[in-house]
2 protein chains.
Amino acid sequence: MYAASQPKEQSFPQSDSIATAGIPGPHLVATYRSGQEIYAEGDAVEKCYQVATGAVRVYRLLSDGRRQVVSFHLAGEMFGFEAGATHRFFAEAITETRLAVFGRRPMQEHSRELLALALAGMARAQEHLLVIGRQCAVERIAAFLLDLSNRQGGIRQLRLPMSRQDIADYLGLTIETVSRVMTKLKDRSVIALRDARTVDIMRPDALRSLSN
Amino acid sequence: MYAASQPKEQSFPQSDSIATAGIPGPHLVATYRSGQEIYAEGDAVEKCYQVATGAVRVYRLLSDGRRQVVSFHLAGEMFGFEAGATHRFFAEAITETRLAVFGRRPMQEHSRELLALALAGMARAQEHLLVIGRQCAVERIAAFLLDLSNRQGGIRQLRLPMSRQDIADYLGLTIETVSRVMTKLKDRSVIALRDARTVDIMRPDALRSLSN
DNA sequence: CGATACTTTGAGTTTCTTCAACGATCGTGG
DNA sequence: CCACGATCGTTGAAGAAACTCAAAGTATCG
């Protein structure tokens with residue numbers, strides 16, 4: 001959270017095992033510790049990132065400390081591109097995270113891919129608007145768990161990299177409400193909780209109907 | 001709302017007075033009546049639109065009828081581009097509306113401009129997430145009125161093309177809450193209401209501090 | 001001018017939040 | 001390896017913001 005040090009960087013050859021969404025060219029891989037800042041609001045937009053391992057949260061703070069997490073990014077997903085010249089959000093590693101880093105040039109040369117990413121990002125945010133704007137706490141959590149599952153190929157056992165506070169700030173709820181809903185879903189056997197961060201989706205259909 | 005007829009179309013020469021965001025080429029101008037559908041969820045994405053006059057709402061419906069308005073589009077603004085091949089939202093004219101219509105080809109030839117639009121659309125949706133996710137009713141209305149004002153060059157007298165229901169569905173509130181907050185802002189002399197759809201921003205600074 | 005749709009206002013209810021306390025987990029150092 | 005502190009998560013009780021239901025007021029359109 002308050003880490004000030006630089007991420008560890010290493011140069012990286014083109015033909016790595018990391019899937020680079022069609023954007024080739026040499027790039028760096030940087031490693032971030034849990035809670036370490038990737039970029040801050042106000043920073044110049046000059047890079048684009050792809051999660052190799054770990055997870056990232058992108059968020060905005062209000063002056064009184066309220067926080068809105070705008071997106072989470074898991075392995076394989078790209079982030080860091082924004083409309084203006086400076087970042088309007090913060091990005092932090094949630095857990096120990098490795099990122100493939102792309103410079104401005106390689107991105108500009110692949111505006112076609114970047115367009116697809118931007119359109120997907122818009123769709124994602126609009127989808128999220130629907131959840132936050134018109135769904136109750138249970139529906140939000142259900143949609144969140146399903147989304148996480150789907151983004152990892154529909155796996156049923158989820159390892160949550162993020163805290164209850166992160167989830168709350170993502171869904172526009174409080175940490176207590178998130179916790180209560182998780183407990184309720186567990187009591188109804190819709191999910192099972194090995195521990196707070198390990199969720200088994202026991203009845204995906206039930207979760208789907210809850211999420212609307 | 002339930003209009004089924006086709007919009008009135010007319011061919012249109014290239015050098016019109018409408019600002020076309022840098023995208024040239026012959027295109028149509030279509031006129032839509034108040035409430036008329038522009039596209040529906042499931043329709044193929046094959047056009048892109050710019051509002052000439054009037055206003056548009058883009059929204060999604062839940063199975064039980066709850067509605068989330070994702071965006072409003074005013075004169076000069078573009079909409080209709082989405083990530084996939086089919087629309088995931090509905091678009092309707094709010095009032096009598098004239099749209100400049102661009103085909104798929106002209107858009108593909110201007111992916112640079114489209115990228116900027118997509119990034120701006122993503123930014124707008126994320127900005128909106130913050131409002132809906134973490135702000136109270138008064139803050140949401142204040143942010144909404146300021147946004148409308150700013151998008152029209154900072155004018156102080158706003159003509160709202162949309163109903164209280166539209167605003168409620170945009171801000172994740174009910175029509176009654178929207179009405180009560182408007183009344184409260186009027187009573188505090190932050191705004192004046194000539195009628196329900198005509199808002200004068202009397203104290204922009206106050207509105208700004210309310211919106212956070 | 002009347003019918004219809006939209007908006008406002010009031011009263012009671014619900015959902016979620018706030019505040020508080022307790023329990024669990026994790027990492028560190030003795 | 002265990003003890004300790006710190007962080008994270010859960011649970012309960014009371015409160016507040018927004019919602020629902022209801023009715024009256026106002027604008028709009030044919």
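## A starting point on strand D

Let's begin with one contact: a polar backbone atom of B:A137 sits 2.6 Å from a phosphate oxygen of DNA strand D. This is a polar contact, meaning a pair of N or O atoms within 3.5 Å; within protein, one must be able to donate a hydrogen and the other to accept it, and residues adjacent in sequence count only if both atoms are side-chain atoms.

Before going on, note that this is a predicted model, where local features need pLDDT of at least 70, side-chain atom pairs count only at pLDDT 80 or more, and totals for chains, interfaces and linings use all residues. Residues are numbered from 1 along each chain as its sequence is written, chains are lettered from A and ligands numbered from 1 in the order in which they are written, and side-chain values use heavy atoms, with hydrogens and water left out.

## More around strand D

Strand D has 16 residues around it, and A:R164, A:T183, A:R197, B:A137 and B:T177 come nearest. Here a residue is near a strand if one of its heavy atoms lies within 4 Å of it. Of the strand D atoms within 4 Å of the protein, 66% belong to sugar and phosphate.

The side chain of A:S179 places an N or O atom 2.9 Å from a phosphate oxygen of strand D, while B:R180 has a polar side-chain atom 2.9 Å from a base oxygen of that strand. Helix α5(A) gives the most to this surface, with 4 residues. Helices (H or I, at least four residues) are DSSP runs, numbered from the N terminus.

## Around strand C

Now look at strand C, which is surrounded by 16 residues, with A:T177, A:R180, B:R164, B:T183 and B:R197 the closest. A polar side-chain atom of A:E176 lies 3.0 Å from a base nitrogen of strand C. From chain B, an N or O atom in the side chain of B:T183 is 2.6 Å from a phosphate oxygen of strand C. Helix α5(B) gives the most to the surface near strand C, with 4 residues.

## Two helices in chain A

How do α3 and α5 of chain A cross? The axes of α3 (residues 137–151) and α5(A) come within 10 Å and cross at roughly 75 degrees. Therefore α3(A) is roughly perpendicular to α5(A), a term for angles of 65 to 115 degrees. Axes are lines fitted to C-alpha atoms, for helices over the stretch in contact, and angles run from 0 to 180 degrees between N-to-C directions.

Among the residues making the contact (heavy atoms within 4.5 Å) are A:I141 and A:L145 of α3(A) and A:V181 and A:L185 of α5(A).

Notes: Angles under 35 degrees count as roughly parallel, over 145 as roughly antiparallel, 65 to 115 as roughly perpendicular and the rest as oblique.
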